[in-house]
Amino acid sequence: MTNYTRISLASLALAASLAFTGGLAADEEEEFLDANSLFEDEAKDLSIVDPLRPINKAIFNFNDFVYLKALKPVSKGYQAIMPDQAEKSVGNFFNNLKYPSRLVGNLMLVKLKQATQETGKFLVDTTIGIGGLLKPSKDIDGLNPPKEDIGQGLASWGLGHGFYVVLPFSGPTSLRDGIGNFGDSYVEPIPEPWSQVDESAVRLGLQGLEIINDSPTLLEAYEALKESAIDPYEAMKDAYLQRRNAQTDQ
Amino acid sequence: MTLAKLKTLILAAIVAVAINSVHGGDDPAEDLKAAIDKVVDILYLSEADADVDTKREQILNVMKEDFSFDIMIQSAIGRPWLDLTPEQRERIKVMMTDVLVRTFTSRLKDSKRPTLNYGEIKRLSKTRLSLPCAVKLGDLEVNLSYSIGKFPTGWAVYDILVENGSLVANYRSQFKTHFRTKGVDELEELLTKKLAEL
């Protein structure tokens, strides 16, 4: 037996005995959770480098002003005049048009079954659902796959977030997801650069309508987060990271 | 017309866990469900039965009876908690609870009562459980999961996952940034200022 093997076995034996003792102790102590042991959960917390923090914070404050002083009054007016069903139909319409980015996301993730389901959903909603205004697919089993996008596809290829970025108007993202969003805009029919809508005024109008239609729910979530936060900037960053990681872990 | 009251759905669920009726019960999941229902009942009383101030007062009274934000706040603050005096801990717990209650009771007018559909409880270990709950209002559905632990004082909620995002981890990221450059006095100042705004 070489010295190395002996040391290894001794270490193993020591480790085994410690593990056994530990097991006993754990069994005895396992009756209750120690509140201090929850501090160990800190190790599982997500983080992202934020080298642009001063700029990001300035844009975050700018967005906050835009959301609450400009978008919110418009959103309230829109809600006051639009019936719920019309709001829902407008949301369905724009959501249906995002089919290409969901399809590409699925293909990048090699989720072929989900890609097929997305295609089925698009066909059903575009035809029976009158151009996507209605969403008959929601009642059909197998036509409600989880939403994927190009950012999730990039994540599945092993690309990390890179660093944190706050974009004017649209808010938090990361380098990877920003590239993903850029890719999404290439395959979707309304945004530039390959927009299927030639008239720029119509295109901007549609994009504005989509933002305003989504704004009630988004603004409510934003305000809830901001009002209950100790540090709204950090709260938003962590919420973004947790949401994206949950999506990519699906 | 309001499509969704996302804020009230989530915060109702959060504040519900402050009711510590999970203590000492044989079935922590059933006790937690009862506690949540109790708070949601108060929250969604009609305007004719109770105005916003009355609801806020009723919730705070219920919470004073048996209070259990302690573990969540301790876990959210993280290790700096160990350096706080008992008086500082108490003040921060009271102020944080007040921030949460005030945040969500500020816009309860005309809110409809959501439906709560609980999933099957998952036993993660002898001392940890998780209880999924889908909160639904109209077409909007928010998926929550309560993390419940068995502490020497009894069963208590130590985290809530909102659409797989940990509420405690979110606060921990905020407190971590705060304590990197500032102390507990500044935190108390911040909470006092926040409460004055709400």
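Modeller: Before we start, pLDDT is the predictor's confidence in each residue, from 0 to 100. This is a predicted model, where local features need pLDDT of at least 70, side-chain atom pairs count only at pLDDT 80 or more, and totals for chains, interfaces and linings use all residues. Residues are numbered from 1 along each chain as its sequence is written, while chains are lettered from A and ligands numbered from 1 in the order in which they are written.

Biologist: Okay, which helix of chain B has the highest confidence?

Modeller: Helices here are DSSP runs of H or I with at least four residues, strands are E runs of at least two, and both are numbered from the N terminus. Chain B has a mean pLDDT of 78, with 77% of its residues at 70 or more. Confidence in chain B bottoms out in helix 1 (residues 6–16), at a mean of 56, and peaks at 93 in helix 6.

Biologist: And which element of chain B gives the largest share of the side that touches chain A?

Modeller: Contact means C-beta atoms, placed from the backbone, within 7 Å. By that test, 39 residues of chain B meet 32 residues of chain A. Helix 1, helix 4, helix 5, strand 4, strand 6 (165–166) and helix 6 of chain B each supply at least two residues of that side of chain B. The largest share, eight residues, comes from helix 6 of chain B.

Biologist: What about the inside: which element gives the most residues to the largest nonpolar core?

Modeller: A nonpolar core is a set of buried Ala, Val, Leu, Ile, Met, Phe, Trp, Tyr and Cys residues joined through C-beta atoms within 7 Å. Buried means 20 or more other C-beta atoms within 10 Å of a residue's own, exposed means 12 or fewer, partly exposed is in between, and C-beta atoms are placed from the backbone. The largest core has 40 residues, with B:M72 and B:V157 touching the most other members. Its largest share, seven residues, comes from helix 2 of chain B.

Biologist: Over in chain A, which residue of the hairpin takes a positive phi?

Modeller: Chain A has nine helices and two strands. Strands pair if DSSP finds at least two bridges between them; strand 1 (residues 164–167) and strand 2 (residues 171–174) of chain A do so in the antiparallel sense, over four bridges. A:L167 stands opposite A:G171 in strand 2 of chain A. Three residues sit between the strands of this hairpin, and the one with a positive phi, near 75 degrees, is A:F169.

Definitions and conventions. Contact = placed C-beta atoms within 7 Å.
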